[in-house]
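Reader: I would like to go through this model with attention to its charged side chains, and to see the reasoning behind each answer.

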Amino acid sequence: MSKYDLLNPEQKEAVFHYEGPLLILAGAGSGKTRVLTHRVAWLIEEKQVNPWNIMAITFTNKAAGEMRDRVETMLGGVWVATFHSTCVRILRRYIDRLGYDNSFTIYDTDDQKTLMKDICKYLQIDTKVFKERNLLSAISSAKNEMITPEEYRLKAEGDFGRQKIATVYEEYEKQMRANNALDFDDLLLKAVQLFQTQPDVLEYYQERFRYIMVDEYQDTNTVQFQFVSILAAKY
């Protein structure tokens, strides 16, 4: 009896899907992770896919760890990681192409708050009107929608409040770059920019990751969707 005999018909259909895109809609506890791990095993065992060519993306470190454990008991060598840790690995190799140093710093929320405090002081922003937390949140939303400070300013035309945010966003980006620092949103954004502007880097990763599986795909935002679709475009 093979491990695939324990799957129900719908799970089998998903596991044995070989070429092209596939979307699985499944409720909690219906065996999504089992399907993902069995599909990885099936690709390697039955289709002789090199583990090196398979990528599984999850949303949390906990899920990545769980899946890594399950995949490795079957077969090792598969890239199992979160969106953010995947992008960090790519950027550590290639971010110099975007004018950063490869030893960039990653800012956590405390670092961002400190920086925003300094920016508001420098720009004489009234933090009773424009709360630092709200400014950071607006910048985060813009980055997740892949809106640059310049585009933000254009969209904000005629809106005093949003023009103010645009000024803060521009200064924030300027200082982040001067500090050779990225925030969490930048990790994805810069990885996508790298793929968009460096064809050889994109080609390398498209060849490397021919089979891409995303757990909890419904939670992807614009920049995450862009990252996966660019990467998967070739195959």
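Reader: Is Arg133 buried or exposed, and at what relative accessibility?

Author: This is a predicted model, so the values that follow are computed from it. Arg133 is found in helix α6, which covers residues 132–144. Because a residue counts as exposed over 50% relative accessible area, Arg133 falls in the class exposed, at 63%.

Reader: Which helix gives the largest share of the positive patch?

Author: The positive surface patch is formed by Lys113, Lys117, Lys121, Lys131 and Arg133. Three residues of the patch come from one helix, residues 109–122, and this is the largest share. That helix is α5.

Reader: Where do Asp186 and Lys143 lie, and how many residues apart are they?

Author: The side chains of Asp186 and Lys143 meet in a salt bridge, with N to O at 2.8 Å. The pair links distant parts of the chain, since Asp186 belongs to helix α9 (residues 184–197) and Lys143 to helix α6, and their separation is 43 residues.

Reader: Are Asp186 and Lys143 buried or exposed?

Author: The class asked for rests on relative accessible area, and buried means a value under 20%. Asp186 belongs to that class, and Lys143 likewise is buried.

Reader: What is the distance from Asp185 to Lys143, its nearest side chain of opposite charge?

Author: Asp185 lies in helix α9, and, leaving aside residues up to four places away in sequence, it touches Ser140, Lys143 and Asn144. A salt bridge requires a side-chain nitrogen of Lys or Arg within 4 Å of a carboxyl oxygen of Asp or Glu. Asp185 is buried yet has no salt bridge, and its distance to the side chain of Lys143 is 6.0 Å.

Reader: Which of the two residues Lys174 and Glu171 is buried?

Author: Lys174 forms a salt bridge with Glu171, with the closest N and O atoms 3.7 Å apart. Both lie in helix α8 (residues 160–178), where a spacing of three residues is about one turn of the helix. Lys174 is exposed, with a relative accessible area of 54%, whereas the residue that counts as buried, at 10% relative accessibility, is Glu171.

Reader: Which parts of the chain does the pair of Glu203 and Lys234 tie together, and how far apart are they in sequence?

Author: Glu203 forms a salt bridge with Lys234, the closest N and O atoms being separated by 3.2 Å. Glu203 lies in helix α10 (residues 199–208) and Lys234 in the segment after α11 (222–232), so the pair ties together parts whose separation in sequence is 31 residues.

Reader: Which residues are joined into one network by salt bridges that share partners?

Author: The structure holds 11 salt bridges. Some of them share partners, and the residues they join into one network are Lys143, Glu173, Asp183 and Asp186.

Reader: How far apart are the mean positions of the positive and negative charges of the chain?

Author: The chain carries 30 positive and 34 negative charges, and the mean position was computed for each sign. The distance between these two mean positions is 2 Å.

Reader: Turning to the chain overall, what percentage of its contacts between residues at least 6 apart in sequence join residues at least 24 apart?

Author: The secondary structure comes to 11 helices and five strands, and buried residues make up 43% of the 235 residues. Among contacts between residues at least 6 apart in sequence, the share joining residues at least 24 apart is 70%.

Definitions and conventions: Residues are numbered from 1 along each chain as its sequence is written. This is a predicted model: local features need pLDDT of at least 70, side-chain atom pairs count only at pLDDT 80 or more; totals for chains, interfaces and linings use all residues. Side-chain values use heavy atoms; hydrogens and water are left out. Patches are made of residues with over 30% relative accessible area and no salt bridge: like charges are joined within 9 Å, nonpolar side chains (Val, Leu, Ile, Met, Phe, Trp, Tyr) within 5 Å. Accessible areas come from the Shrake-Rupley method with a 1.4 Å probe; for residues, only the protein chains shown count as cover. Lys and Arg count as positive and Asp and Glu as negative; His and the chain ends are not counted. The place of a charge is taken as NZ of Lys, CZ of Arg, CG of Asp or CD of Glu. Helices (H or I, at least four residues) and strands (E, at least two) are DSSP runs, numbered from the N terminus. Buried means under 20% relative accessible area, exposed over 50%, partly exposed in between (1.4 Å probe, protein chains only). Contact means heavy atoms within 4.5 Å.
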